[in-house]
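Ready for some practice? Work through the exercises below with the model open beside you, and try each task before you read its solution.

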Amino acid sequence: MHASRLSRRTVLAGTAAAAALTTVPFLPGRAHAAGSAVSAGQAYRWRNVVQGGTGFITGVLFHPTVRGLAYARTDIGGAYRWDDRTSRWIPLTDHLGWDDWNLLGVEAMAVDPARPNRVYLALGTYAQSWAGNGAVLRSENRGATWKRTDLTVKLGANEDGRGCGERLLVDPRDSDTLWLGTRHDGLLKSTDRGATWKAVSFPAAPSATGQGVTLLVAAGRTVYAGWGDSDGTTANLYRTADGTTWEAVPGQPAGTAAKVPIRAAYDRHTRELYVTYANAPGPNGQSDGSVHKLRTSSGKWTEVTPVKPGGTTSDGGTDSFGYGGVAVDARRPGTLVVSTNNRWAEIDTVFRSTNGGRTWTSLKDTAVFDVSETPFLKWGGDQPKFGWWIQALALDPYDSKHVVYGTGATLYGTRDLRHWAPQIRGLEEASIRQLVSPPTGEAHLLSGSGDIGVMYHERLTASPSRGMASNPVFGTSTGLSLAAAKPSYVVRAGWGDNGNGAWSNDGGRTWAPFKTQPSMAKSAPGPIATNTDGSVLLWSFGTSNPGFRSADNGTTWSEVSSFPKGAAPVADPVDPKRFYAFDTTTGTLFASTDGGLTFTARAGGLNSGDTEFQLTAAPGRSGDLWLSLKANGLYRSTDGGATFAKVASCWASHTLGFGKAAAGASYPALYMVGATETITAVYRSDDEAKTWVRVNDDQHQWGWIGAAITGDPRVYGRVYIATNGRGVQYGEPV
């Protein structure tokens with residue numbers, strides 16, 4: 001890359017899912033009698049379909065004593081280590097499987113400054129009663145392998161406060177001692193490098209709904225802890241000098257602007273601790289904030305807020321925001337960076353000071369961005385913006401001009417404080433909702449995601465050159481459908497401010513909005529389907545609304561009162577007059593033989609009550625339907641849904657798809673996320689589900705993967721899997 005521009009490849013390099021039959025309940029650990037239908041697993045190579053980030057980077061941590069070593073955490077997509085040799089992020093938690101889905105959210109990370117190979121992760125995505133407890137992973141080889149301790153408390157990596165500071169810390173006096181701050185269970189301590197944990201005395205009382213400890217940071221041999229449940233008048237910053245007794249830090253700031261300590265960083269040269277504050281933990285909901293520093297040698301506090309919230313925006317509104325990240329320069333005393341957060345009108349920025357916060361420069365004001373490697377960051381516009389949800393902020397201890405910050409969609413970095421580019425290679429965090437693999441055309445894959453809508457993947461190894469689908473832009477995709485006999489015609493639905501449905505006549509490369517849409521589309525967009533020749537559309541809008549039909553490409557819509565409310569429409573791949581829909585509320589299959597004008601009930605008495613039950617149709621065959629009923633098993637109909645028979649070879653099926661048939665086979669390959677024996681995994685069948693072979697392995701599990709799966713109709717053996725936080729994974733036989 002030219003010297004005048006920052007290389008995206010090297011930004012870290014050099015530093016760093018007739019009558020029903022009896023159901024089978026899902027019992028974890030239970031072996032199934034049909035296990036003989038499963039052959040030994042086939043070796044597959046697994047890779048991410050490249051999108052380039054797309055999720056919230058909640059923390060970045062440079063190792064203080066090893067050049068080029070860094071770690072990143074995400075709210076739902078696991079943790080990563082930076083590989084300085086290949087200039088990409090290496091996923092560290094893909095081994096976490098189906099039952100451990102709640103551990104894909106990383107609450108906090110810690111490194112041992114004196115022992116560079118040690119790294120620790122505190123895992124737990126949700127703290128609600130329905131979520132499992134958290135866990136701590138510990139590694140002696142930088143995350144290549146892990147030992148695990150299950151906790152008796154819950155963590156909340158995808159809840160409010162997920163962008164706060166690291167709540168996990170190696171004690172500066174003893175590498176065997178670790179501290180873990182929790183949201184609802186106080187402060188925990190380990191004296192055996194994270195193998196066991198105990199609650200310890202702490203001055204502030206936790207609550208079932210609070211934030212608890214928001215940060216832990218070492219300042220010399222003293223440990224500081226931020227507390228997120230202060231009312232703005234009581235203490236929210238505590239310290240211990242002996243590892244036993246905690247006290248409130250004297251003289252600490254108070255008031256709304258200093259209500260919640262978000263992050264802290266210590267300048268060892270000046271012995272000053274910098275703390276960012278806001279009136280809420282964020283990333284949303286902050287409207288006030290400040291930055292203060294504590295001279296630890298004297299106990300003197302000084303406010304060093306770059307710009308105080310509450311001013312007037314360019315459009316006459318109120319410039320409300322909080323402060324998020326903070327990082328100090330390990331090489332230059334008094335040099336640091338802080339970030340604003342939740343500043344929507346004037347756009348968030350990173351401020352830099354070289355004199356201990358007396359004066360500041362906004363790096364946004366001179367920023368030049370290159371997002372050519374991840375064009376979706378333009379969000380359908382001409383230029384990317386500096387960022388939002390900026391709470392993760394880090395400064396390379398070996399390069400004073402190497403600053404990185406996380407946003408809700410990427411990680412930006414600079415080497416000269418002016419030129420910025422995503423340094424996101426290898427880090428993929430999208431939550432995928434739909435997958436379509438076209439039988440023809442340039443793209444082998446179309447994906448529908450949470451937050452970033454639909455993407456046209458003309459290459460699997462590069463972020464789509466067109467970015468996210470626009471005209472209109474969707475935040476979250478709710479439906480994606482291709483006309484089987486006319487694959488150039490595709491429709492999509494989703495959440496958007498400028499329309500909720502669109503169509504394409506070039507396979508998904510370009511789009512146009514429907515000329516009209518039903519009134520409830522804006523508030524309840526749901527699944528959409530096109531029939532096999534693209535002449536009819538069916539759109540579902542949740543259990544409170546009827547389905548709607550269009551026979552003129554979305555110019556007009558008519559209510560279909562007999563369509564089961566909330567069902568996902570499925571088109572017959574051969575007969576343009578046939579549609580199907582499984583009513584998950586009643587466990588009944590409905591079918592239409594008049595192009596979606598009317599629906600009648602067919603097979604009934606099937607399992608009900610779960611909106612995640614999935615119906616799919618085998619390509620190239622009319623009336624060949626497969627029904628995944630999760631722990632109740634897999635069912636098949638070959639008479640258009642008049643009757644269903646249970647498939648004996650598996651006892652749980654969450655999502656099912658089809659791909660190119662094996663050599664000599666007449667039926668498409670089936671791919672399934674389900675269980676044939678004791679574990680939920682990814683399977684392929686080349687003989688109409690008589691037998692299965694597992695195609696993933698214990699190191700490639702990705703937590704919950706029950707949303708969608710499809711094979712490639714042009715490449716035998718290739719399968720695409722939707723993950724909830726690790727993007728699209730695709731595998732091929734080796």
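## Warm-up: Arg67 and its neighbours

Arginine 67 is partly exposed because its relative accessibility is 48%; buried means under 20% relative accessible area, exposed over 50%, and partly exposed in between (1.4 Å probe, protein chains only). Before we go on, note that this is a predicted model, in which local features need pLDDT of at least 70 and side-chain atom pairs count only at pLDDT 80 or more, while totals for chains, interfaces and linings use all residues. Residues are numbered from 1 along each chain as its sequence is written, and side-chain values use heavy atoms, with hydrogens and water left out.

**Exercise 1.** Find the loop that holds arginine 67, then name the residues of the positive patch on the surface.

*Solution.*
- Step 1: Look between strand E3 (57–62) and strand E4 (70–74), and you'll find arginine 67 in the loop. Strands here are DSSP runs of at least two residues, and helices (H or I) are runs of at least four, numbered from the N terminus.
- Step 2: The patch of positive charge brings together Arg67, Arg331, Arg332 and Lys401. Patch residues have over 30% relative accessible area and no salt bridge, with like charges joined within 9 Å and nonpolar side chains (Val, Leu, Ile, Met, Phe, Trp, Tyr) within 5 Å.
- Step 3: For the signs, Lys and Arg count as positive and Asp and Glu as negative, while His and the chain ends are not counted.

## Salt bridges

**Exercise 2.** How many salt bridges does the structure hold? Then check the burial of aspartate 712 and arginine 718.

*Solution.*
- Step 1: Side chains of opposite charge can pair when their charged atoms come close. The cut-off for a salt bridge is a side-chain nitrogen of Lys or Arg within 4 Å of a carboxyl oxygen of Asp or Glu.
- Step 2: The structure has 29 of these salt bridges.
- Step 3: In one of them, aspartate 712 pairs with arginine 718, with the closest N and O atoms 3.2 Å apart.
- Step 4: Aspartate 712 is buried because its relative accessibility is 0%, and arginine 718 is buried too, at 12%.
- Step 5: Elsewhere, salt bridges with shared partners tie Asp112, Arg118, Glu140, Asp176 and Arg193 into one network.

**Exercise 3.** Is aspartate 150 buried or exposed? Work out the setting of its salt bridge, then turn to lysine 630.

*Solution.*
- Step 1: Arginine 148 and aspartate 150 meet through their side chains in a salt bridge, at 2.7 Å from N to O.
- Step 2: Aspartate 150 has a relative accessible area of 52%, so it is exposed. Arginine 148, at 37%, counts as partly exposed.
- Step 3: Now take aspartate 610 and lysine 630, whose salt bridge has its closest N and O atoms 2.9 Å apart. This pair links distant parts of the chain, 20 residues apart: aspartate 610 sits in the loop between strand E48 (600–601) and strand E49 (614–617), and lysine 630 in the loop between strand E50 (625–628) and strand E51 (634–637).
- Step 4: Lysine 630 has a relative accessible area of 18%, so it is buried.

**Exercise 4.** Which side chain of opposite charge is nearest to glutamate 428?

*Solution.*
- Step 1: Start in the loop between strand E33 (419–422) and strand E34 (432–436), where glutamate 428 lies.
- Step 2: The nearest side chain of opposite charge belongs to arginine 726, 6.7 Å away, and glutamate 428 is buried without a salt bridge.
- Step 3: The glutamate 428 side chain does reach the backbone nitrogen of glycine 52, at 2.8 Å.

## Backbone oddities

**Exercise 5.** What kind of peptide bond joins asparagine 471 and proline 472?

*Solution.*
- Step 1: The bond is cis, with omega at about 0°.
- Step 2: Asparagine 471 lies in the loop between E36 and E37, and its phi is near 60°, a positive value in a residue other than glycine.
- Step 3: Asparagine 471 is partly exposed because its relative accessibility is 42%.
- Step 4: For another cis peptide bond, go to glycine 282 and proline 283, where omega is about 5°.

**Exercise 6.** Is tryptophan 702 buried or exposed?

*Solution.*
- Step 1: Tryptophan 702 lies in the loop between strand E56 (692–694) and strand E57 (709–712).
- Step 2: Its phi is near 65°, a positive value in a residue other than glycine.
- Step 3: With 1% relative accessibility, tryptophan 702 counts as buried.

Terms used:
Areas by Shrake-Rupley, 256 points an atom, 1.4 Å probe, with all protein chains shown as cover. Charge placed at Lys NZ, Arg CZ, Asp CG, Glu CD. Polar contact = N/O pair within 3.5 Å; in protein donor to acceptor, adjacent residues only side chain to side chain.
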